[in-house]
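Please read the following report beside the sequence and the structure, which are shown here.

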Amino acid sequence: MVDCLDEAPETARQALLERVAAEIRETGEATGCCELSGRVWHALAAVPRHRFVPDEQQKWAYANTPLPIGRGQTISQPFIVALMTELLAPAPGATLLEIGTGSGYQAAVLAQLVRQVYSIERIPELARAAAQRLRELSIDNVEIRVGDGAQGWKEHAPFDGIMVTAAALAVPPALVQQLKPGGRLVIPVGEPGRTQDLQVIDKDQQGAVFSRSLLPVVFVPLIQSPA
Ligand code: SAH
């Protein structure tokens with residue numbers, strides 16, 4: 001890692017965005033997402049990642065790398081956050097569901113782009129800390145609850161888009177059910193401890209479902225039992 005937070009966070013964040021944009025271009029052939037859009041760039045620029053990272057990791061807050069956030073969990077690599085956000089291509093009026101709130105960073109980025117984000121986290125203390133951070137940053141269009149995200153969030157379904165930020169062994173059926181026609185699910189699928197497939201699953205207007213694998217990624221596992 002070459003990056004650190006010696007400079008002002010804004011400068012470090014701009015440098016990180018340049019790197020993320022370059023990596024989006026470099027992987028464009030595999031992902032079909034060739035350019036970091038202006039909207040996603042601005043969303044990333046608006047969220048201070050250092051506020052989502054523990055004190056002992058501050059130096060690396062604007063490195064293009066995942067970082068530990070406690071309880072064996074990680075805040076995702078900024079490139080992956082950018083890519084998954086682009087893939088969801090959220091429209092301004094959209095309602096989204098995120099599984100795996102973690103630090104709350106990905107939810108905060110999505111919140112810049114859409115009307116409402118719902119996010120589910122399995123570990124209560126992470127959910128509490130994320131909710132507190134979002135309050136401090138006056139991000140008020142994210143609702144977090146503790147639970148098993150594989151079940152989705154029926155009360156607020158259907159969703160325009162669903163993003164899963166932990167690796168599932170298989171695509172949870174409830175999440176596909178809770179997608180609107182025309183909606184999209186972005187999810188890493190595969191076993192923990194090795195690379196998983198980042199998959200995009202589209203539901204068409206007739207309700208038919210199409211999936212494709214984009215690139216190998218590494219996520220912590222989606223665990224389907226109480227914390
Ligand atoms: N999106 C997060 C990073 C997620 S790390 C961020 O921006 O910081 C993956 C998270 O998924 C972890 O916090 C983990 O506790 C959570 N998780 C794992 N299994 C889960 C499940 N079944 N339901 C909800 N959350 C889960």
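Ala89 lies in the loop that runs between helix H4 (78–88) and strand E3, where helices (H or I, at least four residues) and strands (E, at least two) are DSSP runs numbered from the N terminus. The model is a predicted one, in which local features need pLDDT of at least 70 and side-chain atom pairs count only at pLDDT 80 or more, while totals for chains, interfaces and linings use all residues. Residues are numbered from 1 along each chain as its sequence is written, and side-chain values use heavy atoms, with hydrogens and water left out.

**Backbone geometry in the loops**

Most residues other than glycine have a negative phi, and most peptide bonds are trans. Ala89, however, has a phi near 40°, a positive value in a residue other than glycine. Ala89 is exposed, with a relative accessible area of 55%; here buried means under 20% relative accessible area, exposed over 50%, and partly exposed in between (1.4 Å probe, protein chains only). Arg71, in the loop between strand E1 (67–70) and E2, likewise has a positive phi, near 55°, and Arg71 is partly exposed at a relative accessible area of 45%. A cis peptide bond with omega of about 0° joins Ala157 and Pro158, and Pro158 is found in the loop between strand E5 (142–146) and strand E6 (159–164).

**The ligand and its surroundings**

The ligand sits in the largest pocket. On a 1 Å grid over the protein atoms alone, a pocket is an open set of points with protein on both sides within 12 Å along at least five of seven lines, as opposed to a cavity, where a 1.4 Å probe fits but cannot get out; lining residues have an atom within 4 Å of a point. A molecule sits in such a space if more than half of its atoms lie within 2 Å of its grid points.

Of the 26 residues around the ligand, those that come nearest are Ser103, Glu121, Asp148, Gly149 and Ile223, a residue being near a molecule if one of its heavy atoms lies within 4 Å of it. Strand E2 (73–75), E3, H5 and strand E4 (116–121) each supply at least two residues of the shell around the ligand, and E2 gives the most, with three residues. The table lists pairs of polar atoms between ligand and protein; a polar contact is a pair of N or O atoms within 3.5 Å, and within protein one must be able to donate a hydrogen and the other to accept it, with residues adjacent in sequence counting only if both atoms are side-chain atoms.

| Ligand atom | Protein partner | Distance |
|---|---|---|
| Oxygen atom | Gln106, polar backbone atom | 3.0 Å |
| Nitrogen atom | Thr165, N or O atom in the side chain | 3.1 Å |
| Nitrogen atom | Ile223, polar backbone atom | 2.7 Å |

The protein covers 99% of the 580 Å² of accessible area that the ligand has on its own.

**Ser103**

Ser103 is found in the loop between strand E3 (95–99) and helix H5 (105–111), and Ser103 is buried, with a relative accessible area of 4%. A polar atom of the Ser103 side chain lies 3.1 Å from the backbone nitrogen of Tyr105. Apart from neighbours within four places in sequence, Ser103 is in contact (heavy atoms within 4.5 Å) with Phe52, Ile69, Ile75, Ala130 and Arg133.

**Buried residues in the strands**

Thr95, in strand E3, is buried at a relative accessible area of 9%, and a polar contact of 3.0 Å joins the side chains of Thr95 and Arg115. Leaving aside neighbours within four places in sequence, the residues in contact with Thr95 include Phe159, Asp160 and Gly161.

Leu179 has its place in strand E7 (residues 179–189) and is buried, with a relative accessible area of 3%. Not counting residues up to four places away in sequence, Leu179 touches several residues, among them Pro158, Phe159, Asp160 and Gly161. The C-alpha atoms of Leu179 and Gly161 are separated by 6.6 Å, although these residues are 18 residues apart along the chain.

Gln196, in strand E8 (residues 196–203), is buried at a relative accessible area of 1%, and the side chain of Gln196 reaches the backbone oxygen of Arg194 at 2.8 Å. Beyond neighbours within four places in sequence, the contacts of Gln196 include Ala167, Pro188, Leu215 and Phe219. The C-alpha atoms of Gln196 and Phe219, 23 residues apart along the chain, are separated by 7.5 Å.

Conventions
Areas by Shrake-Rupley, 256 points an atom, 1.4 Å probe, with all protein chains shown as cover.
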